[in-house]
Amino acid sequence: MTRKQRRLTLIGCALVVLAIAAGLVLNALRDSIVFFSTPSMVAEKHLGPGKRFRLGGLVEQGSLKRGDNLAVTFTVADGGATLPVAYKGILPDLFREGQGVVAEGALDADGVFRADTVLAKHDETYMPKDVADALKKQGHWKDDYGAKPNSMPSASAAPNQGAMR
């Protein structure tokens, strides 16, 4: 073998090993790549107790119940399914019924999602894309969910209209 053939063989082998390693990593992470699962996805996957994942959806109206020592229970819904959530701790300031939420934790043996972290959406116009897609699919999407407040003055009110062209 010439020197050039040995080099090409070595590069080819390195590329094959790299492709196999990338395939193994992607295969191992295939369930973790999704940012969160909706209650419908949890029901479809039949996730067992103890497996950690992120749950996302809307806090169902009338489901929020506060208990002793910062214990809170509520229901997360996506229009197709609901999942009860239990959390012990301080909820984010923006957390409320009818709003988007992402909780991290695991299911217990009774089918209750035991959250150790709860995140609320950051303003009135934000909604995670997956939640918005799930709501659209279920027919619960409202056109004003994605609307942003109009804070720009109208073109007729702009003092230097010609300078902006």
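Let me start with one contact: Asp 108 and Arg 114 form a salt bridge, with their closest N and O atoms 2.9 Å apart. Asp 108 is buried, at a relative accessible area of 17%, whereas Arg 114 counts as partly exposed at 43%. Please keep in mind that this is a predicted model.

Now the overall layout. The protein chain has three helices and six strands. Along the sequence the order is α-α-β-β-β-β-β-β-α. The chain has 165 residues, and 29% of them count as buried. If we take contacts between residues at least 6 apart in sequence, 51% join residues at least 24 apart. The accessible surface comes to about 11500 Å², and carbon and sulfur atoms account for 58% of that.

Back to the charges. How many salt bridges does a search of the whole structure find? Four. Besides the one I opened with, I want to look at Arg 52. Arg 52 forms a salt bridge with Glu 104, with 3.2 Å between the closest N and O atoms. Arg 52 is in strand 1 and Glu 104 in strand 5, so this pair ties together parts of the chain that are 52 residues apart in sequence. Glu 104 is partly exposed, because its relative accessibility is 25% and the buried class ends at 20%.

Arg 52 also meets Asp 116 in a salt bridge, at 2.7 Å from N to O. That is another link between distant parts of the chain: Asp 116 sits in strand 6, residues 113-120, and Arg 52 in strand 1, with their positions 64 residues apart in the numbering. Arg 52 counts as partly exposed at 46% relative accessibility, and Asp 116 is also partly exposed, at 46%. Taken together, Arg 52, Arg 54, Glu 104 and Asp 116 are linked in a network of salt bridges.

Next, the aromatic rings. The count comes to two aromatic pairs. In one of them, Phe 74 and Phe 95, the ring centres are 5.0 Å apart and the planes stand at 65°, so the pair is edge-to-face. Phe 74 belongs to strand 3, residues 71-77, while Phe 95 is in the loop between strand 4 (82-88) and strand 5 (100-107), and the two are 21 residues apart. Are these two rings buried or exposed? Phe 74 is buried, at 1% relative accessibility, and Phe 95 is buried too, at 9%.

Helix 3 comes next, residues 129-138. Its buried residues are Val 131, Ala 132, Ala 134 and Leu 135. They lie on the same side of helix 3, because they cover an arc of only 160° around the axis. Strand 1, residues 52-59, is part of what covers them. On the other side of helix 3, Lys 129 and Lys 137 are exposed. After the helix comes Gly 139, with a positive phi near 85°.

Last, the surface of the model. Ile 11, Leu 15 and Leu 18 form a nonpolar patch there, with about 310 Å² of accessible area together. Leu 15 lies in helix 1, residues 3-29. Leu 15 counts as exposed because its relative accessibility is 54%.

To close, strand 1 came up twice: Arg 52 of strand 1 pairs with Glu 104 in strand 5, and strand 1 is among the elements covering the buried residues of helix 3.

Key
Residues numbered from 1 in each chain as written. Predicted model: local features only at pLDDT ≥ 70, side-chain atom pairs only at ≥ 80, totals over all residues. Heavy atoms only, no water. Patch = residues over 30% accessible without salt bridge, like charges linked within 9 Å, V, L, I, M, F, W, Y side chains within 5 Å. Areas by Shrake-Rupley, 256 points an atom, 1.4 Å probe, with all protein chains shown as cover. Salt bridge = Lys/Arg side-chain N within 4 Å of Asp/Glu carboxyl O. Helix = DSSP H or I, 4+ residues; strand = E, 2+ residues; numbered from the N terminus. Buried < 20%, exposed > 50% of the residue type's maximum accessible area, 1.4 Å probe, protein only. Arc of directions from axis to C-beta. Contact = heavy atoms within 4.5 Å. Phe/Tyr/Trp six-rings, centres within 6.5 Å; stacked < 30°, edge-to-face > 60°.
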